[in-house]
Amino acid sequence: MKIISSIDDLRDHLRGQLRTAFVPTMGNLHEGHLSLMRLARKHGDPVVASIFVNRLQFGPNDDFEKYPRTFQADVEKLEKEGVYILFAPTERDLYPEPQEFRVQPPDDLGNTMEGEFRPGFFNGVMTVVLKLLSCVQPRVAVFGKKDYQQLMIIRNMARQFALPTDIIAAETYRADDGLALSSRNGYLSDAERAEAPRLFQNLNQIAEEVRGGHLNITELEREAMANLTARGWKPDYISVRRRANLQPPTAGDLAQAEPLVVLAAAKLGATRLIDNLEI
């Protein structure tokens with residue numbers, strides 16, 4: 001596996017490649033990330049991964065410096081997966097001058113749920129994603145469904161900018177007890193790790209109720225929030241949305257069985273977890 005930090009060197013190595021598959025990450029890789037590499041290989045060749053901890057998406061209350069960095073272990077995992085190139089730019093490589101041009105998602109998609117509780121987050125994410133796609137110029141790029149809102153915004157961005165990259169969605173990789181794999185899980189204490197699957201259990205309960213004809217969405221969301229709060233969680237949101245545009249469903253949507261997704265974010269101790277489930 002080639003490890004490259006320079007944008008020019010990356011483009012030199014990929015010149016003439018028409019089927020490049022790309023998986024961007026911030027490192028601290030786990031089995032969920034590796035499953036994205038395997039899916040990428042099914043859709044293209046060569047496979048390029050990136051590791052870059054993007055300062056632009058960290059808010060004033062997020063600790064950029066404490067984000068776990070496990071570069072050598074990540075390299076060994078990617079080598080075992082047969083990744084062709086690891087693009088690992090420094091901040092100076094990717095932002096040789098202040099990144100004054102930014103990508104701003106539309107308010108109705110970027111300022112709700114995650115965008116409401118993490119102001120500026122999607123501005124930073126979309127800016128770095130667009131820049132990475134420009135550097136790699138892949139035929140396909142793979143993103144996980146665990147970050148469902150992010151996935152939808154990236155898809156819309158790629159479509160509206162007419163990017164020559166197909167965005168592939170990967171199913172959320174879960175532990176045996178249902179907890180979505182995340183780098184943040186490493187912050188959980190043993191007791192918190194045992195409690196953490198409760199978030200996904202609440203999403204399943206809402207999904208079952210909706211499938212069973214319970215159409216009072218607000219009540220279901222409120223009950224799930226109360227359930228978590230009673231167990232010591234601090235939920236930010238639990239919200240049922242239309243899959244197509246992540247807007248709240250209307251009565252007509254519910255009557256016509258519009259495809260839905262329920263999304264959630266909640267703190268367990270000091271660790272903020274997110275999850276979702278398609279209905």
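**Exercise 1. The surroundings of leucine 10 and the nonpolar cores**

Task: Determine which residues are in contact with leucine 10, leaving aside its neighbours within four places in sequence.

Solution. Apart from neighbours within four places in sequence, leucine 10 is in contact with Ile4, Ile85, Phe87, Cys135 and Val136; contact means heavy atoms within 4.5 Å. The model is a predicted one, in which local features need pLDDT of at least 70 and side-chain atom pairs count only at pLDDT 80 or more, while totals for chains, interfaces and linings use all residues. Residues are numbered from 1 along each chain as its sequence is written, and side-chain values use heavy atoms, with hydrogens and water left out.

The next step is the core. A nonpolar core is a set of buried Ala, Val, Leu, Ile, Met, Phe, Trp, Tyr and Cys residues joined through side-chain atoms within 4.5 Å. Buried means under 20% relative accessible area, exposed over 50%, and partly exposed in between (1.4 Å probe, protein chains only). The largest such core has 40 residues, and Leu10, Leu94, Val129 and Leu246 are those with the most contacts inside it. Two or more residues each come from α1, β4, α7, β5, α8 and β8; helices (H or I, at least four residues) and strands (E, at least two) are DSSP runs, numbered from the N terminus. Helix α7 gives the largest share, 10 residues. A second core, separate from this one, has 25 residues, including Leu203, Ile206, Val240 and Leu268.

**Exercise 2. The open sheet and its helices**

Task: State the strand order of the open sheet of 6 strands, and explain why β1 and β6 each have one side without a neighbour in the sheet.

Solution. The order is β1-β4-β3-β2-β5-β6, with parallel pairing; two strands pair if DSSP finds at least two bridges between them. Strands β1 (2–4) and β6 (166–170) stand at the edges with a single partner strand each, so one side of each has no neighbour in the sheet. From one strand to the next the twist averages 25°. Axes are lines fitted to C-alpha atoms, for helices over the stretch in contact, and angles run from 0 to 180 degrees between N-to-C directions.

Within the sheet, β2 (residues 21–25) and β5 (residues 140–144) are joined in the parallel sense by 2 bridges, and phenylalanine 22 stands opposite alanine 141 in β5. Helix α7 (residues 121–136) packs on the sheet, where it touches β2, β3, β4 and β5, and its direction makes about 145° with that of β2. Helix α1 (residues 7–14) lies across β1, β3 (47–51) and β4 (85–87), at about 155° to β4.

**Exercise 3. Strand β8 and its partners**

Task: Identify how many bridges join β8 to β9.

Solution. Strand β8 (residues 260–268) has 8 of its 9 residues buried. It is joined to β9 (residues 271–278) by 8 bridges, and the two run antiparallel. Leucine 268 has threonine 271 in β9 as its bridge partner. The hairpin of β8 and β9 has 2 residues between the strands, and glycine 269 takes a positive phi near 65° there. Strand β7 (residues 234–242) also runs antiparallel to β8, joined by 8 bridges, with arginine 241 opposite valine 261.

**Exercise 4. A glutamine in helix α8**

Task: Decide whether glutamine 149 is buried or exposed, and find which backbone oxygen its side chain reaches.

Solution. Glutamine 149 belongs to helix α8 (residues 148–160). With a relative accessible area of 3%, glutamine 149 is buried. Its side chain reaches the backbone oxygen of leucine 109 at 2.9 Å. A polar atom of the same side chain lies 3.1 Å from the backbone nitrogen of glutamate 114. Beyond four places in sequence, the contacts of glutamine 149 include Phe122, Leu246 and Leu263.

**Exercise 5. Two sides of helix α3**

Task: Explain why the buried residues of α3 are placed on the same side of the helix.

Solution. The buried residues of α3 (residues 71–80) are Asp74, Val75 and Leu78. They cover an arc of only 100° around the axis, which puts them on the same side of α3; the arc is that of the directions from the helix axis to the C-beta atoms. These buried residues pack against β1, α2 (31–43), β3 and β4. Gln72 and Lys80, on the other side, are exposed.

Technical notes. A polar contact is a pair of N or O atoms within 3.5 Å; within protein, one must be able to donate a hydrogen and the other to accept it, and residues adjacent in sequence count only if both atoms are side-chain atoms.
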